[in-house]
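Got the model open in your viewer? Let's walk through it one selection at a time.

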Amino acid sequence: MAFLPREDPLSEEALEAEFAVAPYGSARARRFFAELPNLKRLKVVQTLTAGVDWILPKLPAGVVLCDAAGVHDAPVAEWIVGAILAAYKRFPEFRDAQREGRWAYRWVEDLEGARLLFLGYGSIARATEARLAPFGVSFLRVARTAREGVHTLAELPELLPQADIVVNLLPLTPATERLLGHEHFARMKPGALFVNAGRGKTVDQEALVEAVRLGRIRFYTDVADPEPLPEGHPLWSLPEVFLTPHIAGSTPKLFERGFQLVREQVGRYVRGEPLLNVVQEGY
Ligand SMILES: NC(=O)c1ccc[n+]([C@@H]2O[C@H](COP(=O)([O-])OP(=O)(O)OC[C@H]3O[C@@H](n4cnc5c(N)ncnc54)[C@H](O)[C@@H]3O)[C@@H](O)[C@H]2O)c1
Ligand SMILES: O=C(O)[C@H](O)CO
């Protein structure tokens, strides 16, 4: 086992690595990408992120990529539950009023009876559903492949008007880039809550800003396009927008959970067993 130093040249031992774990932070990731072509015996890269859009274009040919599906389920599901409750109970609005010393009495909504549509029904969506079901929420689901209770994107026009809450967890791929646009926001229920915990680039930003500006939707997000969101971007200040800086998966337990996965994967690699979370071609 060798660690990637921030500046120093890689040791002879590290240059011989067959299995590499991509670093979580962006500074070390840049160094990692710069070193990848020097690892001549490299066979497998394991990420600590669930999304692999940032690493795929830089992966040397023939190297197997494994993602960290499962590692982020609990924190991201908790973020989504928190965002939905904060929106329904209008916590950001009351916090603003508190800062101004205003007793801003108004009615708030019940989550019980709400219908939620998942765009991308994978590991995180299932963890979110398990946490929200006890609130009396019902679910619509979209994934790549249809099965009982799960639809495909082809049915989105009929599904969107049925949902009070739309949670986007689609990975960023050539098929999902800027997928959600004007026609989708126009079909959402007036005042629907759109939650994005997936990737900012799956959404057409101009269409999103217009939908929020017209008051068609409320938007709670952990991700943006671009990241960081530039100074002066309308999403900083539009009403009914709440954003966090891509922190939903970043908790101290990430490393504990991530290293459990790495230990399991290295063991499998050494024993010649099938690896978990292999990113399939055509992802
Ligand atoms: N905000 C954060 O901090 C954070 C943390 C972890 C993951 N993420 C994002 O969340 C995404 C989902 O994570 P996950 O672990 O649930 O992934 P996952 O692979 O388990 O689930 C992805 C789901 O999207 C569906 N999907 C993919 N392409 C599709 C398409 N073209 N049409 C319809 N459905 C499609 C898949 O069928 C699957 O149901 C990640 O790819 C990542 O971008 C964000
Ligand atoms: O994909 C993930 O795991 C998070 O978004 C961090 O990049």
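Start with ligand 1 and the shell of residues around it: by class, that shell holds 13 nonpolar, 9 polar and 3 charged residues. Keep in mind as you click around that this is a predicted model.

Which residues come nearest to ligand 1? Of the 25 around it, pick out Tyr121, Ser123, Ile124, Arg144 and Asp222. Show them as sticks and leave them on.

Now for the polar contacts. Select aspartate 222: a polar atom of its side chain sits 2.8 Å from a nitrogen atom of ligand 1. Next, go to arginine 199, where a polar side-chain atom is 3.3 Å from an oxygen atom of the ligand. Then turn on the backbone at glycine 122, since you'll want its polar backbone atom, which lies 3.3 Å from an oxygen atom of ligand 1. Switch to a surface view here: on its own, ligand 1 has 860 Å² of accessible area, and the protein covers 87% of that.

Hide the surface, go to cartoon, and select the sheet of 6 strands. Reading across it, the order is 5-4-6-7-8-9; the sheet is open and the pairing is parallel. Where are its edges? Look at strand 5 (138-142) and strand 9 (241-243), each of which pairs on one side only. Tilt the view along the sheet to see the twist, which averages 15 degrees from one strand to the next.

Zoom in on strand 8, residues 217-221. Strand 8 pairs with strand 9 in the parallel sense, over 3 bridges. Color tyrosine 220, then find the residue opposite, phenylalanine 242 in strand 9.

Stay in this area and add helix 8, residues 205-213. Helix 8 lies across strand 7 (192-196), strand 8 and strand 9, and runs at about 125 degrees to strand 8.

Last stop: another open sheet, this one with 3 strands in the order 1-2-3 and parallel pairing. Its edge strands are strand 1 (19-21) and strand 3 (64-66), each pairing on one side only. The twist here averages 20 degrees from one strand to the next.

Select strand 2, residues 44-46, together with strand 3: the two pair in the parallel sense over 3 bridges. Which residue stands opposite glutamine 46? Click across to strand 3 and you'll land on cysteine 66. If you want to see what holds such neighbors side by side, show the backbone: strands of a sheet pair through backbone hydrogen bonds.

Terms used:
Residues are numbered from 1 along each chain as its sequence is written. Chains are lettered from A and ligands numbered from 1 in the order in which they are written. This is a predicted model: local features need pLDDT of at least 70, side-chain atom pairs count only at pLDDT 80 or more; totals for chains, interfaces and linings use all residues. Side-chain values use heavy atoms; hydrogens and water are left out. A residue is near a molecule or strand if one of its heavy atoms lies within 4 Å of it. A polar contact is a pair of N or O atoms within 3.5 Å; within protein, one must be able to donate a hydrogen and the other to accept it, and residues adjacent in sequence count only if both atoms are side-chain atoms. Accessible areas come from the Shrake-Rupley method with a 1.4 Å probe; for residues, only the protein chains shown count as cover. Ala, Val, Leu, Ile, Met, Phe, Trp, Tyr, Cys and Pro count as nonpolar, Asp, Glu, Lys and Arg as charged, and the others, Gly among them, as polar. Two strands pair if DSSP finds at least two bridges between them. Helices (H or I, at least four residues) and strands (E, at least two) are DSSP runs, numbered from the N terminus. Axes are lines fitted to C-alpha atoms, for helices over the stretch in contact, and angles run from 0 to 180 degrees between N-to-C directions. Contact means heavy atoms within 4.5 Å.
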